[in-house]
Amino acid sequence: MQIEGGVGRQKIVTYMGAKSGIGNTSVALNTAVQLAKKNLRVIFIEFNERTPAANYWYELGYVEDGVDSAIRGLQENDFEKIEKAIIRTSELVKKESSLQKNYKRFPEKLDFMFFSNQYLTRRREEIYDLDLRLTKELCLYLLFQLDYNYVILDVPSDIESEATRNALLYSNKVFITATQDVSSIGHALYIQNELSKQGIYMPKKIYYIINRFEDAKLNLEEICDWIQTPNVLTVPCMNKEFINANCIGMPVVSYSKNQRLKNAFPEIEKSIL
């Protein structure tokens, strides 16, 4: 199935941080916003099981239905559970909230999905029978039954996570977010090598994004040489812009007027289309 305008086709795109805390969720979310601005139907799914970020930034709250209930819907052939788990921007604009004006600046075709409150607040020792291998079936349902053009997955950097491993296997494109810190890039390569040993080999679909990139001794040419791929994109070091955007509940690509930052996400978008 061709997406609107005949550009590309329906795709699953995964973002994984080389380590936690390097801005992977920000990069993934703002890429989803950038794609949705092109009048494409996009759903952003955050697979953070403990400390999700995007729903907090945008006051989307802890939801009763989420990724976990959508997966249960697949298990039970109750597809209404998938519909209920989707947070739609078209509905957010009708919601009484301090961020209602912001919601009106979100692309109308951008939707979200997070884990439910029940799943997020479960005790660590509590057994929660959830087959995360069904995340692939969930993504395919979203693409081919609900007609999304892009499913953007934000997955944990833990390669032992079932959701992460599956997403890396079945995604059309994989982006590993790192920073210029040598340990971050080194860990990104370690992850890729470990995955290769386990039969998950992704050289043709993997891209690196160096977040918070700035002019430093470890420059882009040296990073590309180290990683041994030209598929390296950058997001400039604009911490203040991200902090301010998150503080007021607005994606940075919609908030910032900094041209360097605004140019970064269209470049990421080009590598996806």
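**Reading the pocket, the helix packing and an aromatic pair**

Helix 1 (24-36), strand 5 (150-155), strand 7 (206-213) and helix 12 (239-248) each contribute two or more residues, that is at least two, to the lining of the largest pocket. The model is a predicted one.

Reader: What makes a residue count as part of the lining of the largest pocket, and which ones are closest to its centre?
Author: A lining residue has an atom within 4 Å of a point of the pocket. The space in the largest pocket comes to about 510 Å³. There are 28 lining residues, and Gly 21, Ile 22, Gly 23, Asn 24 and Thr 25 are the closest to the centre. Helix 12 gives the most, with 4 residues.

Reader: How do you know what classes of residue make up that lining?
Author: Sorting the lining residues by class gives 11 nonpolar, 13 polar and 4 charged. Bear in mind that Gly is counted among the polar residues here.

Reader: Why are helix 3 and helix 8 called roughly perpendicular?
Author: Happy to go through that one! Helix 3 (residues 67-76) packs against helix 8 (residues 135-144) at about 85°, and their axes are 10 Å apart. Angles of 65 to 115 degrees count as roughly perpendicular, so helix 3 is roughly perpendicular to helix 8. Val 67, Ala 70, Ile 71 and Leu 74 of helix 3 meet Thr 135, Glu 137 and Leu 138 of helix 8. By class, this contact has 5 nonpolar, 1 polar and 1 charged residues.

Reader: How do you know which word fits helix 1 and helix 14?
Author: Helix 1 and helix 14 (residues 259-272) pack at about 75°, with axes 9 Å apart. That angle falls in the 65 to 115 range, and the two helices are therefore roughly perpendicular to each other. Helix 1 brings Val 27, Asn 30, Thr 31, Gln 34 and Leu 35 to the contact, and helix 14 brings Phe 265, Pro 266, Ile 268, Glu 269 and Ile 272. The classes here are 6 nonpolar, 3 polar and 1 charged.

Reader: What makes Tyr 58 and Phe 106 an edge-to-face pair?
Author: The whole structure has 10 aromatic pairs. In the pair of Tyr 58 and Phe 106, the centres are 5.3 Å apart and the planes 85° apart. Rings pair within 6.5 Å, and planes over 60 degrees apart count as edge-to-face, so both conditions are met.

Reader: Which parts does this pair tie together?
Author: Tyr 58 sits in the loop between helix 2 (54-57) and helix 3, and Phe 106 in the loop between helix 6 (100-103) and strand 4 (110-113), so the pair ties together parts 48 residues apart in sequence.

How values were computed. Residues numbered from 1 in each chain as written. Predicted model: local features only at pLDDT ≥ 70, side-chain atom pairs only at ≥ 80, totals over all residues. Heavy atoms only, no water. 1 Å grid on protein atoms, 1.4 Å probe; cavity = no way out; pocket = protein on both sides within 12 Å on 5 of 7 lines; lining within 4 Å. Points joined across faces, edges and corners; volume = space filled by probe spheres on them. Axes fitted to C-alpha atoms, helices over the stretch in contact; angles between N-to-C directions. Parallel < 35°, antiparallel > 145°, perpendicular 65-115°, else oblique. Contact = heavy atoms within 4.5 Å. Phe/Tyr/Trp six-rings, centres within 6.5 Å; stacked < 30°, edge-to-face > 60°.
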